[in-house]
Amino acid sequence: MDQPLVNRVANSGLITLKLEEFFPTQELAIFDLKDYLFMEMILKEKDFRQALKEHNWEQYQGKILLVYCSADAIIPVWAYMLVATYAAPYAHDIFQGPADDFYRSYFLRQLDQLDTEQYRDQRLVIKGCSDHPVPPAAYLEITRRLQPLVKSIMYGEPCSTVPVYKQPRK
């Protein structure tokens, strides 16, 4: 006899949590202070202030602006503050540091706002593969936050998972 196909994954009660859904929707833009250094070593205040006045800040409209220096130079804190004063009217957000640092910080902030109570006593799969770079810190943080609440946490895809945590039997 022909038996109907049963989707055991769909009937398993597993909830799939996709961290990539927390990925920022705004485009990232970079403001590298190296381009404003004299001999890639020294920031001259007068020249820097003039360059900031002449810079096209509108290009950052609605974007997340990453401000950092890729050269090995000592940058005074006020330089970051000046960039912020010019960029703030245009940029969606401003972050001091490169993209990897931004993504780590961004994901941790997003996960901090997550209503974890919705996952109480559930069996979770934290989706592994994604189209966006999800930092390892996000996987660590979601596990730390959900472990006290859930029955189990697995990593991967619902059809092929790696067990991470299972609540002890009471």
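**View 1. The bridge between I153 and Y165 in the predicted model.** In this predicted model, I153 has Y165 of strand 7 as its bridge partner. The pair belongs to the antiparallel pairing of strand 6, residues 152-157, with strand 7, two strands that are joined by six bridges.

**View 2. The open sheet and its edges.** The sheet is open and consists of four strands, arranged in the order 1-5-6-7 with mixed pairing. Strand 1 (14-17) and strand 7 (160-166) are the edge strands, and each has a single partner strand, so one side of each is left without a neighbour in the sheet. From one strand to the next, the twist averages 30°.

**View 3. Helix 4 on the sheet.** Helix 4, which spans residues 136-146, packs on the sheet and touches strand 1, strand 5 (123-127), strand 6 and strand 7. The direction of helix 4 makes about 170° with that of strand 5.

**View 4. The packing of helix 3 with helix 4.** Two packed helices are described by the angle between their axes and the distance between the axes. Here the axis of helix 3 (residues 99-112) comes within 9 Å of that of helix 4, and the two cross at roughly 20°; angles under 35 degrees count as roughly parallel, and helix 3 and helix 4 are therefore roughly parallel to each other. The crossing in which helix 3 passes helix 4 is right-handed.

**View 5. Residues at the contact of helix 3 with helix 4.** Helix 3 contributes R104, F107, L108, L111 and D112 to the contact, while helix 4 contributes A137, A138, E141, I142 and R145. Of the residues in this contact, six are nonpolar and four are charged, with no polar residue among them.

Notes. Residues are numbered from 1 along each chain as its sequence is written. This is a predicted model: local features need pLDDT of at least 70, side-chain atom pairs count only at pLDDT 80 or more; totals for chains, interfaces and linings use all residues. Side-chain values use heavy atoms; hydrogens and water are left out. Two strands pair if DSSP finds at least two bridges between them. Axes are lines fitted to C-alpha atoms, for helices over the stretch in contact, and angles run from 0 to 180 degrees between N-to-C directions. Contact means heavy atoms within 4.5 Å. Angles under 35 degrees count as roughly parallel, over 145 as roughly antiparallel, 65 to 115 as roughly perpendicular and the rest as oblique. A crossing is left-handed if the near helix is turned anticlockwise from the far one by less than a right angle, and right-handed if clockwise. Ala, Val, Leu, Ile, Met, Phe, Trp, Tyr, Cys and Pro count as nonpolar, Asp, Glu, Lys and Arg as charged, and the others, Gly among them, as polar.
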